[in-house]
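Q: I'd like to practise reading a small model from its fold down to one residue. Can you walk me through it?

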Amino acid sequence: MGSIAYNAVDIKQCIEVLHKKSTPVEKIITYHYVLDDIDKAFEQAAKSNETLKILINHE
């Protein structure tokens, strides 16, 4: 499910799962980008056949 389709219930469930550490997040995040490369991140996100989730490091 893409992030645009989440609702409040979905987000709360995701937070609970991540808190329990029962989901292998490192396998879900397929790409990491720094904020300066956000354009590249969006280009990669558009390639749905090779991208699951992208992490943007904003620090």
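Q: What pattern does the protein follow, read along the sequence?

A: Keep in mind that this is a predicted model. Going along the sequence, you get α-α-β-α-β. That comes to three helices and two strands, and the C-alpha atoms fill a box of roughly 30 × 25 × 20 Å along the principal axes.

Q: How do I read the contacts, and what share comes from residues 24 or more positions apart?

A: Start with the pairs that have a separation of 6 or more, then ask how far apart they sit in sequence. Here, residues 24 or more positions apart account for 28% of those contacts.

Q: And burial: what percentage of the 59 residues is buried?

A: The cut-off for buried is under 20% relative accessible area. In this protein, buried residues make up 8% of the 59. As for the surface, about 5,200 Å² is exposed, with carbon and sulfur atoms supplying 58% of it.

Q: Let's zoom in. Where is Thr51 found, and is Thr51 buried or exposed?

A: Look in the loop between α3 (38-45) and β2 (53-57). Thr51 counts as buried because its relative accessible area is 13%, and the cut-off is under 20%.

Q: Which residues is Thr51 in contact with, leaving aside neighbours within four places in sequence?

A: You'll find Thr30, Tyr31, Gln44 and Ala45. With Gln44 there's also a polar contact, side chain to side chain, at 2.8 Å.

Q: Last one: how far apart are the mean positions of the positive and negative charges?

A: Take the mean position of each set, then the distance between the two. For the 7 positive and 9 negative charges here, that's 9 Å.

Note on methods
Residues numbered from 1 in each chain as written. Predicted model: local features only at pLDDT ≥ 70, side-chain atom pairs only at ≥ 80, totals over all residues. Heavy atoms only, no water. Helix = DSSP H or I, 4+ residues; strand = E, 2+ residues; numbered from the N terminus. Buried < 20%, exposed > 50% of the residue type's maximum accessible area, 1.4 Å probe, protein only. Polar contact = N/O pair within 3.5 Å; in protein donor to acceptor, adjacent residues only side chain to side chain. Contact = heavy atoms within 4.5 Å. Areas by Shrake-Rupley, 256 points an atom, 1.4 Å probe, with all protein chains shown as cover. Lys, Arg positive; Asp, Glu negative; His and termini not counted. Charge placed at Lys NZ, Arg CZ, Asp CG, Glu CD.
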